[in-house]
Amino acid sequence: MQALWMVLAAFLFASMGVCVKMASAHFNAAELVCYRGIIGMAILWALARRQGVGLGTRYPGMHAWRSLIGVVSLGAWFYAIAHLPLATAMTLNYMSSVWIAAFIVGGALLAWRPSGGAGGTRPPLQAPLVLTVMAGFAGVVMMLRPSLGAHEMFAGLIGLLSGLSAAFAYMQVMALSRIGEPETRTVFYFAVGSAVAGGAAMLLTGASAWPGWPGLWLLPIGFLAAAGQLCMTRAYARAGSQRGTLVVANLQYSGIVFAGVYSVVLFGDDIPPIGWAGMALIIVSGVVATVLRARAAPGAPAEEH
(Lines give C-alpha, C1' and ligand atoms only; values in the text may rest on other atoms or scores of the structure.)
Protein backbone atom coordinates (compact mmCIF):
# COMPACT_ATOMS: atom_id res chain seq x y z
CA MET A 1 0.00 0.00 0.00
CA GLN A 2 2.84 2.43 0.75
CA ALA A 3 4.03 2.08 -2.85
CA LEU A 4 0.56 2.89 -4.16
CA TRP A 5 0.35 5.95 -1.91
CA MET A 6 3.61 7.27 -3.36
CA VAL A 7 2.54 6.61 -6.96
CA LEU A 8 -0.71 8.43 -6.21
CA ALA A 9 1.28 11.34 -4.74
CA ALA A 10 3.43 11.51 -7.88
CA PHE A 11 0.30 11.49 -10.05
CA LEU A 12 -1.24 14.31 -8.01
CA PHE A 13 1.91 16.44 -8.25
CA ALA A 14 2.07 15.90 -12.01
CA SER A 15 -1.62 16.79 -12.27
CA MET A 16 -0.92 19.94 -10.28
CA GLY A 17 1.68 20.77 -12.92
CA VAL A 18 -1.01 20.50 -15.60
CA CYS A 19 -3.19 22.97 -13.69
CA VAL A 20 -0.23 25.34 -13.25
CA LYS A 21 0.46 25.24 -16.98
CA MET A 22 -3.20 25.95 -17.80
CA ALA A 23 -3.39 28.77 -15.24
CA SER A 24 -0.09 30.26 -16.48
CA ALA A 25 -1.91 31.50 -19.55
CA HIS A 26 -3.83 33.92 -17.30
CA PHE A 27 -1.64 34.47 -14.20
CA ASN A 28 2.07 35.13 -13.62
CA ALA A 29 4.27 33.00 -11.34
CA ALA A 30 3.95 35.39 -8.38
CA GLU A 31 0.16 35.15 -8.47
CA LEU A 32 0.24 31.36 -8.71
CA VAL A 33 2.60 31.13 -5.71
CA CYS A 34 0.39 33.48 -3.68
CA TYR A 35 -2.89 31.70 -4.47
CA ARG A 36 -1.39 28.27 -3.85
CA GLY A 37 -0.16 29.53 -0.49
CA ILE A 38 -3.58 30.88 0.52
CA ILE A 39 -5.38 27.66 -0.41
CA GLY A 40 -2.67 25.56 1.27
CA MET A 41 -2.95 27.61 4.48
CA ALA A 42 -6.68 26.85 4.72
CA ILE A 43 -6.22 23.13 4.06
CA LEU A 44 -3.27 22.70 6.43
CA TRP A 45 -4.91 24.72 9.20
CA ALA A 46 -7.88 22.34 9.05
CA LEU A 47 -5.56 19.33 8.94
CA ALA A 48 -3.51 20.55 11.91
CA ARG A 49 -6.67 21.11 13.91
CA ARG A 50 -7.90 17.62 13.08
CA GLN A 51 -4.56 16.08 14.06
CA GLY A 52 -4.31 18.15 17.22
CA VAL A 53 -1.04 19.73 16.03
CA GLY A 54 -0.45 23.22 17.39
CA LEU A 55 0.76 25.82 14.90
CA GLY A 56 2.81 27.80 17.42
CA THR A 57 6.56 27.30 17.07
CA ARG A 58 9.72 28.08 19.00
CA TYR A 59 11.76 28.25 15.81
CA PRO A 60 10.28 31.07 13.70
CA GLY A 61 13.65 31.91 12.15
CA MET A 62 14.19 28.38 10.82
CA HIS A 63 10.66 28.30 9.37
CA ALA A 64 11.18 31.73 7.78
CA TRP A 65 14.41 30.60 6.12
CA ARG A 66 12.83 27.33 4.92
CA SER A 67 9.84 29.26 3.53
CA LEU A 68 12.04 31.79 1.75
CA ILE A 69 14.07 29.10 -0.03
CA GLY A 70 10.93 27.10 -0.76
CA VAL A 71 9.18 30.10 -2.30
CA VAL A 72 12.16 30.73 -4.59
CA SER A 73 12.01 27.08 -5.68
CA LEU A 74 8.24 27.16 -6.17
CA GLY A 75 8.26 30.39 -8.17
CA ALA A 76 11.10 29.16 -10.38
CA TRP A 77 9.30 25.86 -10.95
CA PHE A 78 6.04 27.56 -11.91
CA TYR A 79 7.91 29.83 -14.33
CA ALA A 80 9.59 26.79 -15.91
CA ILE A 81 6.25 24.98 -16.24
CA ALA A 82 4.79 27.99 -18.04
CA HIS A 83 7.61 28.21 -20.62
CA LEU A 84 8.85 24.63 -21.05
CA PRO A 85 7.27 21.25 -21.81
CA LEU A 86 5.71 19.97 -18.61
CA ALA A 87 7.92 16.86 -18.54
CA THR A 88 11.08 18.98 -18.83
CA ALA A 89 10.04 21.35 -16.04
CA MET A 90 9.08 18.46 -13.75
CA THR A 91 12.38 16.68 -14.37
CA LEU A 92 14.47 19.76 -13.62
CA ASN A 93 12.63 20.23 -10.32
CA TYR A 94 13.24 16.58 -9.40
CA MET A 95 16.99 17.25 -9.75
CA SER A 96 16.98 18.18 -6.05
CA SER A 97 18.29 14.74 -5.04
CA VAL A 98 21.21 15.11 -7.44
CA TRP A 99 21.95 18.59 -6.06
CA ILE A 100 22.01 17.17 -2.53
CA ALA A 101 24.50 14.55 -3.71
CA ALA A 102 26.58 17.36 -5.21
CA PHE A 103 26.52 19.16 -1.85
CA ILE A 104 27.73 15.99 -0.12
CA VAL A 105 30.55 15.62 -2.66
CA GLY A 106 31.55 19.25 -2.23
CA GLY A 107 31.44 19.06 1.56
CA ALA A 108 33.52 15.89 1.58
CA LEU A 109 36.12 17.41 -0.73
CA LEU A 110 36.38 20.52 1.44
CA ALA A 111 36.84 18.38 4.55
CA TRP A 112 39.35 16.01 2.93
CA ARG A 113 42.99 16.82 3.55
CA PRO A 114 45.17 14.41 1.48
CA SER A 115 48.12 14.72 3.84
CA GLY A 116 48.40 11.20 5.20
CA GLY A 117 47.07 9.80 8.46
CA ALA A 118 43.36 9.60 9.33
CA GLY A 119 42.69 12.97 7.72
CA GLY A 120 44.04 11.68 4.41
CA THR A 121 41.50 8.86 4.05
CA ARG A 122 39.22 9.41 1.10
CA PRO A 123 35.59 10.03 2.18
CA PRO A 124 33.31 6.98 1.83
CA LEU A 125 31.00 6.71 -1.19
CA GLN A 126 32.99 9.42 -2.95
CA ALA A 127 33.24 7.65 -6.33
CA PRO A 128 29.52 6.64 -6.51
CA LEU A 129 28.46 10.15 -5.53
CA VAL A 130 30.71 11.78 -8.11
CA LEU A 131 29.43 9.47 -10.87
CA THR A 132 25.85 10.13 -9.79
CA VAL A 133 26.29 13.89 -9.94
CA MET A 134 28.05 13.69 -13.32
CA ALA A 135 25.27 11.50 -14.75
CA GLY A 136 22.59 13.88 -13.47
CA PHE A 137 24.18 16.92 -15.06
CA ALA A 138 24.83 15.01 -18.27
CA GLY A 139 21.08 14.41 -18.37
CA VAL A 140 20.50 18.15 -17.95
CA VAL A 141 22.79 18.91 -20.90
CA MET A 142 20.89 16.38 -23.01
CA MET A 143 17.57 17.99 -22.10
CA LEU A 144 18.69 21.61 -22.40
CA ARG A 145 20.58 21.03 -25.64
CA PRO A 146 22.09 24.02 -27.47
CA SER A 147 19.38 23.80 -30.15
CA LEU A 148 16.85 25.31 -27.74
CA GLY A 149 15.89 28.93 -28.31
CA ALA A 150 17.26 31.64 -26.04
CA HIS A 151 13.94 32.05 -24.23
CA GLU A 152 13.59 28.31 -23.60
CA MET A 153 17.21 28.11 -22.45
CA PHE A 154 16.55 30.85 -19.89
CA ALA A 155 13.43 29.00 -18.69
CA GLY A 156 15.53 25.84 -18.46
CA LEU A 157 18.07 27.58 -16.26
CA ILE A 158 15.24 28.85 -14.06
CA GLY A 159 13.94 25.28 -13.85
CA LEU A 160 17.40 24.13 -12.83
CA LEU A 161 17.36 26.83 -10.14
CA SER A 162 14.08 25.37 -8.85
CA GLY A 163 15.78 22.02 -8.26
CA LEU A 164 18.80 23.67 -6.62
CA SER A 165 16.71 25.75 -4.22
CA ALA A 166 14.47 22.73 -3.53
CA ALA A 167 17.59 20.89 -2.35
CA PHE A 168 18.43 23.74 0.06
CA ALA A 169 14.82 23.76 1.28
CA TYR A 170 14.87 20.00 1.84
CA MET A 171 18.02 20.29 3.95
CA GLN A 172 16.22 22.85 6.10
CA VAL A 173 13.20 20.53 6.37
CA MET A 174 15.57 17.83 7.61
CA ALA A 175 16.89 20.22 10.26
CA LEU A 176 13.36 21.06 11.41
CA SER A 177 12.47 17.36 11.53
CA ARG A 178 15.47 16.60 13.74
CA ILE A 179 14.42 19.18 16.34
CA GLY A 180 10.93 17.66 16.50
CA GLU A 181 8.83 20.04 14.38
CA PRO A 182 5.75 18.22 12.98
CA GLU A 183 5.61 18.06 9.19
CA THR A 184 2.13 19.58 9.15
CA ARG A 185 3.42 22.67 10.96
CA THR A 186 6.42 22.96 8.63
CA VAL A 187 4.27 22.74 5.50
CA PHE A 188 1.77 25.23 6.99
CA TYR A 189 4.46 27.85 7.48
CA PHE A 190 5.68 27.20 3.95
CA ALA A 191 2.14 27.96 2.75
CA VAL A 192 2.16 31.16 4.83
CA GLY A 193 5.48 32.14 3.31
CA SER A 194 4.16 31.43 -0.18
CA ALA A 195 1.12 33.63 0.37
CA VAL A 196 3.16 36.50 1.84
CA ALA A 197 6.05 36.35 -0.64
CA GLY A 198 3.74 35.85 -3.61
CA GLY A 199 1.62 38.79 -2.49
CA ALA A 200 4.71 40.98 -2.07
CA ALA A 201 5.96 40.00 -5.54
CA MET A 202 2.57 40.91 -7.00
CA LEU A 203 3.17 44.48 -5.82
CA LEU A 204 6.07 44.56 -8.28
CA THR A 205 4.72 42.44 -11.12
CA GLY A 206 1.12 43.61 -10.86
CA ALA A 207 -2.04 41.53 -10.78
CA SER A 208 -3.56 40.07 -13.92
CA ALA A 209 -7.11 40.90 -14.93
CA TRP A 210 -9.47 38.24 -13.62
CA PRO A 211 -10.04 35.89 -16.58
CA GLY A 212 -13.44 34.58 -15.48
CA TRP A 213 -13.99 30.84 -15.53
CA PRO A 214 -10.29 30.01 -16.26
CA GLY A 215 -9.56 31.43 -12.81
CA LEU A 216 -10.95 28.19 -11.39
CA TRP A 217 -7.66 26.51 -12.36
CA LEU A 218 -6.25 28.09 -9.19
CA LEU A 219 -8.32 25.87 -6.91
CA PRO A 220 -6.96 22.46 -7.96
CA ILE A 221 -3.39 23.79 -7.75
CA GLY A 222 -3.71 24.21 -3.99
CA PHE A 223 -5.84 21.11 -3.42
CA LEU A 224 -3.66 18.78 -5.53
CA ALA A 225 -0.49 20.07 -3.85
CA ALA A 226 -1.93 19.42 -0.38
CA ALA A 227 -3.35 16.02 -1.37
CA GLY A 228 -0.04 14.99 -2.94
CA GLN A 229 1.87 15.96 0.18
CA LEU A 230 -0.55 14.01 2.40
CA CYS A 231 -0.26 10.90 0.20
CA MET A 232 3.53 11.19 0.25
CA THR A 233 3.56 11.54 4.04
CA ARG A 234 1.32 8.50 4.41
CA ALA A 235 3.57 6.49 2.08
CA TYR A 236 6.64 7.25 4.20
CA ALA A 237 4.73 6.60 7.44
CA ARG A 238 3.73 3.11 6.25
CA ALA A 239 7.09 2.23 4.70
CA GLY A 240 8.33 0.57 7.89
CA SER A 241 11.84 -0.72 7.16
CA GLN A 242 14.67 1.20 5.54
CA ARG A 243 14.28 -0.90 2.41
CA GLY A 244 10.61 0.01 2.23
CA THR A 245 11.49 3.67 2.68
CA LEU A 246 13.94 3.48 -0.24
CA VAL A 247 11.31 1.90 -2.48
CA VAL A 248 8.83 4.61 -1.57
CA ALA A 249 11.37 7.40 -2.06
CA ASN A 250 12.35 6.17 -5.51
CA LEU A 251 8.75 5.80 -6.67
CA GLN A 252 8.39 9.58 -6.49
CA TYR A 253 10.18 9.69 -9.86
CA SER A 254 7.10 8.14 -11.44
CA GLY A 255 5.86 11.75 -11.42
CA ILE A 256 8.21 12.42 -14.36
CA VAL A 257 6.57 9.58 -16.27
CA PHE A 258 3.10 10.99 -15.59
CA ALA A 259 4.30 14.44 -16.64
CA GLY A 260 5.71 12.96 -19.86
CA VAL A 261 2.34 11.41 -20.71
CA TYR A 262 0.58 14.70 -19.94
CA SER A 263 3.08 16.61 -22.12
CA VAL A 264 2.44 14.45 -25.16
CA VAL A 265 -1.29 13.79 -24.77
CA LEU A 266 -2.61 17.12 -23.45
CA PHE A 267 -0.13 19.67 -24.79
CA GLY A 268 1.28 17.95 -27.87
CA ASP A 269 4.87 18.64 -26.79
CA ASP A 270 7.50 17.39 -29.23
CA ILE A 271 10.36 16.09 -27.08
CA PRO A 272 13.17 14.55 -29.20
CA PRO A 273 14.76 11.20 -28.28
CA ILE A 274 17.80 12.92 -26.73
CA GLY A 275 15.43 14.78 -24.41
CA TRP A 276 13.76 11.54 -23.29
CA ALA A 277 17.19 9.97 -22.81
CA GLY A 278 18.21 12.93 -20.64
CA MET A 279 15.09 12.48 -18.51
CA ALA A 280 15.86 8.78 -18.07
CA LEU A 281 19.44 9.57 -17.05
CA ILE A 282 18.24 12.10 -14.48
CA ILE A 283 15.74 9.59 -13.07
CA VAL A 284 18.47 6.95 -12.69
CA SER A 285 20.88 9.41 -11.07
CA GLY A 286 18.10 10.64 -8.78
CA VAL A 287 17.32 7.09 -7.67
CA VAL A 288 20.99 6.39 -6.93
CA ALA A 289 21.34 9.71 -5.12
CA THR A 290 18.30 8.88 -3.00
CA VAL A 291 19.81 5.52 -2.01
CA LEU A 292 23.13 7.12 -1.07
CA ARG A 293 21.36 9.88 0.84
CA ALA A 294 19.32 7.33 2.79
CA ARG A 295 22.55 5.62 3.88
CA ALA A 296 24.02 8.93 5.02
CA ALA A 297 20.86 10.25 6.70
CA PRO A 298 18.39 7.45 7.55
CA GLY A 299 14.92 8.49 8.63
CA ALA A 300 14.97 11.71 6.60
CA PRO A 301 11.58 13.38 6.04
CA ALA A 302 9.59 13.34 2.80
CA GLU A 303 10.37 15.80 0.04
CA GLU A 304 7.86 18.41 -1.08
CA HIS A 305 6.81 19.53 -4.55
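Let's start with Ser162 and what surrounds it: setting aside neighbours within four places in sequence, Ser162 is in contact with Ser73, Ala76, Trp77, Leu92 and Asn93. Keep in mind, please, that this is a predicted model. Ser162 itself sits in helix H7, which covers residues 150-178. Is Ser162 buried or exposed? Its relative accessible area is 0%, so Ser162 counts as buried, the cut-off being under 20%. One more value for this spot: Ile69 is 93 residues away from Ser162 along the chain, yet their C-alpha atoms are 9.6 Å apart.

Two of those partners, Leu92 and Asn93, take us to helix H4, where both are buried. How many of the residues of H4 are buried? The count is 8 of 8, and the helix is mostly covered. Besides Leu92 and Asn93, the buried residues of H4 are Leu86, Ala87, Thr88, Ala89, Met90 and Thr91.

Just past H4 comes a residue I like, Tyr94. It lies in the loop between helix H4 (86-93) and helix H5 (96-111). Its ring partner is Tyr253, in the loop between helix H10 (242-251) and H11, so to speak a link between distant parts of the chain, with 159 residues separating the two. The ring centres are 5.8 Å apart and the planes stand at 55 degrees, so we call this pair tilted. Tyr94 and Tyr253 are both buried. The structure holds 8 aromatic pairs.

Now, Tyr253 leads into H11, so let's look at the packing there. Two packed helices are described by the angle between their axes and the distance between the axes. For helix H1 (residues 2-23) and helix H11 (residues 254-267), the axes come within 8 Å and cross at roughly 40 degrees. Which hand does the crossing of H1 and H11 have? It is right-handed. On the H1 side, the contact is made by Val7, Ala10, Phe11, Ala14, Ser15, Val18, Lys21 and Met22. On the H11 side, Ser254, Gly255, Phe258, Ala259, Tyr262, Leu266 and Phe267 take part. Sorted by class, this contact has 11 nonpolar, 3 polar and 1 charged residues.

A couple of details inside that contact are worth a look on screen. Phe11, Phe258 and Tyr262 are linked into a cluster by ring pairs. Lys21, meanwhile, lies over the face of Phe267, at 5.8 Å from the ring centre.

There is another charge over a ring elsewhere: Arg66 lies over the face of Phe190, with 4.3 Å to the ring centre. Arg66 is also one of the residues that Thr186 touches, along with His63, Val173, Leu176 and Glu181, if we leave out residues up to four places away in sequence. Thr186 is found in helix H8, residues 183-205. With a relative accessible area of 3%, Thr186 is buried.

Let me finish by zooming out to the whole chain. It has 12 helices and 0 strands. Of its 305 residues, 50% count as buried. And for contacts between residues at least 6 apart in sequence, what share joins residues at least 24 apart? That share is 88%. The contact of H1 with H11 that we walked through, right-handed in its crossing, and the Tyr94 and Tyr253 pair, 159 residues apart, are good places to start when you open the model yourselves.

Key: Residues numbered from 1 in each chain as written. Predicted model: local features only at pLDDT ≥ 70, side-chain atom pairs only at ≥ 80, totals over all residues. Heavy atoms only, no water. Axes fitted to C-alpha atoms, helices over the stretch in contact; angles between N-to-C directions. Helix = DSSP H or I, 4+ residues; strand = E, 2+ residues; numbered from the N terminus. Left-handed = near helix turned anticlockwise from the far one by under 90°. Contact = heavy atoms within 4.5 Å. Nonpolar A, V, L, I, M, F, W, Y, C, P; charged D, E, K, R; others polar. Phe/Tyr/Trp six-rings, centres within 6.5 Å; stacked < 30°, edge-to-face > 60°. Buried < 20%, exposed > 50% of the residue type's maximum accessible area, 1.4 Å probe, protein only. Lys NZ or Arg CZ within 6 Å of the ring centre and 35° of its normal.
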